[in-house]
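Subject: Structure handover

Hello,

Here is the structure I promised to pass on to you. Please have a look at it first, and then read on for what turned up.

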Amino acid sequence: MTDEIWTKPISAVLTELGTTSIGLARTEVASRRRRYGFNRPTTHHRRPLWLEFLSRFLNPLVLILLFASALSAATGNLTSFVIVFILVILSVTLDFIQEMRAENAIEALRRSVAIRVQVRRDGVEISEAADLLVPGDIVRLAAGDLVPADCRLIEARDLFVNQATLTGEPYPVEKHADAPCPSAGGPAEAINTVFMGSSVISGSATAVICRIGDATVFGRLSGSLTASPPPTAFELGIRQFGFLILRLTIFLVLFVLAVNVLFHRPWLESLMFALALAVGLTPELLPMIVTVTLARGALRLAKRRVIVKRLAAMHNIGAMDVLCTDKTGTLTEATIRMVRHLDCLGAESERVFRLAYLNSHFESGIKSPLDEAVIAFRKMDVTGWEKIDEVPFDFERRRVSVLVTDGTQRLLVVKGAPEDVLRLSTHYEADAEVVKPLDPAARARLDALFQTLGEDGFRVLAVASKVMGADHQTATLGDECELDFAGYAVFLDPPKASATAAIGALSGAGVAVKVLTGDNERVTRHVCAELGLAITGLVTGDDLRAMSEEALRARLGEVNVYCRVTPQQKERVLLAYKRSGRVVGFLGDGINDASAIHAADVGISVDSAADVAKEAAGLILLDHDLSVVGEAVTEGRRTVHNVTKYVLMGSSSNFGNMFSMAGASLFLPFLPMLPTQVLLNNLLYDASEAGVPLDNVEADVLSAPVRWDLQLIQRFMLVLGPISSVFDFLTFYALLHLFDADEALFQTGWFVESLATQVLVIFVIRTRHAPWRSRPHPVLAGLTLGAATVGALLPLTPAGTFFGFVAPPASFYVFLAAAVVTYLALVEAIKRLFFRHTALQSKARRPRSRPSWRS
């Protein structure tokens, strides 16, 4: 469409789009998808695979290395160029294949929980993924839905939309299908149009899709509106580690070049060696290891029916030490049943049920489980009743009002939180015919009945009504006053038997569970008592309203239940925990939970949740079960520990070996290794580490939250790196004076020894315990032993001469075995002392234990 879609009559829009009320034919949909593409903003487009592959060569070190090797070939050393080129291709290809496989697996998981839309095709309404919609599709929208594209309204009923992302308007905007078409203006003036990036707060609508993807208002602004979220602590830590290694790499390259120029060695060979050293020191596989490790964790969680939408969430959930969750569906079964309908005297009342049914039946906003329970309780004939207007439910008022008529009278029916409905009532129905003033004594009786029901574990909604004038056409907030209190609708949501064990497991793993619920404290206390869960502190929404930020922070440690809280108060509690240094998760599924899910470090929702909640979440549970959150926590911790293993390897043993080679340049009359040998060493090392994402992690290590700790890595590098270098220099001495090694034998011996110590040390570093007490994953063990074996045997084969190797004497391999065993034993002793000292420091800094759930 060439003009703004809100400036034309809907009939003209439908004609221009070539669609009708029955929707598009499937063949036409396929044709339009080829023409318009997928319904995604530009920021979601992936580059072609060949561009992704070539981008791996944009690493400055790789480019300079290829350029230097080309110069070497130009001066007659073609063999060196071929070896360097093959090694670089192999390394880049290994990185590319592993990372692409991981990303494809994660994309498949994301698509499994993609937002779906009810769309009309060939006159039949089906559920379709939002990115498969095309212009001309007829879609149906309801409360909690994300608007999938820019759409003109065909029909709308009490439709309120939040479009703050596009217009900055903080409050929902009411939309009308028959609103006049403005001749100009932007989205804020387009009352007859809904836009991608907005969400339906209440009401329902039928609309035709006019623009998708980049052509939408949201798509045009996608560069700013869909900017990447701020980096997590894990991503920042990985980046800081990269900068640390980069600084060390630059220093070593300049040092080696300066030494070789000072000693008048061939500049081209010296440059190649320095660059190869830089490539060997740079953890170029770090992005791949991080991606693959996170993806492996996500795939393991998928088997447990937990979908990870954003990989960074894997670290955050491993670091999580506070989980805030709603009560319904987590501590309870979420199988809400209406069990009673009581009048003001506590007797069963058909009128109370009739009023509750009319309210739930005609409500067009958010259909809560309580509404569904009312409708499912018993079918009531509403023939003759007609809805005139509605005041939609919101989480501040905690009630919904519908204005209905049966032809003889107009009635405002109000249903909501008992405290609020009772406050707005001035009379009560003593029986079906008698209405009396609501005096203090009557209020006390009604409040006592409400408290008794809550203490028995029942959830309660109050029902009231008000007779309106025959000419009253609209329902407003001002009408919700001077109500006639009718009685209570009573519901039962039984406690979930598995909740006690799940919360106990989380508490044992160092995750404090906090309940944030809109229910009153009496119901919550009953549920907790049924489950055997001790309440260490309870705060209500009214208490929160009166608390300063300082007072709230002072009570965070002792409080584990927050009752009658609004969405804004949930978010406030989450932010208070975050400001106190905790890593916070939030589990929710309603439209009212979206802001809290977005504010949490770990946003968790369920597959049946409202679209806005699912979109804000990083993890989606396919089963509404708290126990799988505990499994996700364990998987997140395993992921972080495995990434840390690779980083500790690269920052200690690998760094020590490369530093030793740089230092050897000071006293050796030749290069300690040829540039091609350094690159081969690096390739075999990288291949051996490809199994790290699969490795096992000890149960005791998984029993506490884990965070990315760059300072620990730096300390480990500064302790183990120099020790590794001292051991290397002793090896240099042995090669020169015990084996009387010439240049070729020295380079061969040092290659074999450095590779063996560099890769085999993973068996020591991968565990905080003794290596023989912790079994590595078979793939990691196989790749590690395979790389060490290839490095040891290659000089004995004809292929070894291609890399400049010579066959060492048999006595060298005896020396090699003794040297490797000695080195690994030394590293094990230092590692035990290092982590024991670190644990003591952490214990000294640890605050006193906080209250937790206990039976």
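Helices here are DSSP runs of H or I with at least four residues, strands are runs of E with at least two, and both are numbered from the N terminus. Counted that way, the chain has 31 helices and 23 strands. Please keep in mind that this is a predicted model.

First, the chain as a whole. Of its 855 residues, 56% are buried. The exposed surface comes to about 35,200 Å², with carbon and sulfur atoms supplying 60% of that area. Among contacts with a separation of 6 or more, 74% are between residues 24 or more positions apart.

Next, a hairpin you may like to look at. Strand β1 (residues 116-121) and strand β2 (residues 124-129) run antiparallel and are joined by six bridges. Across this pairing, arginine 120 in the hairpin stands opposite glutamate 125 in β2. Two residues lie between the strands, and aspartate 122 takes a positive phi near 55° in this hairpin.

Then there is helix α27, which covers residues 743-760. How far apart are its end C-alpha atoms? They are 26 Å apart, and this agrees with the 26 Å that 18 residues should span at 1.5 Å a residue. The expected span is 1.5 Å times one less than the number of residues, which is why the count of steps matters here. The helix is mostly covered, with 16 of its 18 residues buried.

Serine 754 is a good place to zoom in, and its place is in helix α27. Is serine 754 buried or exposed? It is buried, because its relative accessible area is 1% and buried means under 20%. In sequence, serine 754 and glycine 656 are 98 residues apart, yet in space their C-alpha atoms are 9.7 Å apart.

Finally, the empty space inside. The structure holds three cavities of 30 Å³ or more, and the largest cavity contains about 130 Å³ of space. Which residues line this largest cavity? Among them are His641, Thr644, Lys645 and Leu648, along with Val697, Glu698 and Val701. The lining also includes Ile765, Arg766, Thr767, Arg768 and Phe835. Helix α24 (residues 626-664) gives the largest share of the lining, with four residues.

I hope you enjoy browsing through it.

Best wishes

Methods: Residues are numbered from 1 along each chain as its sequence is written. This is a predicted model: local features need pLDDT of at least 70, side-chain atom pairs count only at pLDDT 80 or more; totals for chains, interfaces and linings use all residues. Side-chain values use heavy atoms; hydrogens and water are left out. Buried means under 20% relative accessible area, exposed over 50%, partly exposed in between (1.4 Å probe, protein chains only). Contact means heavy atoms within 4.5 Å. Accessible areas come from the Shrake-Rupley method with a 1.4 Å probe; for residues, only the protein chains shown count as cover. Two strands pair if DSSP finds at least two bridges between them. On a 1 Å grid over the protein atoms alone, a cavity is a set of points where a 1.4 Å probe fits but cannot get out, and a pocket is an open set with protein on both sides within 12 Å along at least five of seven lines; lining residues have an atom within 4 Å of a point. Grid points are joined across faces, edges and corners, and a volume is the space filled by probe spheres set on the points.
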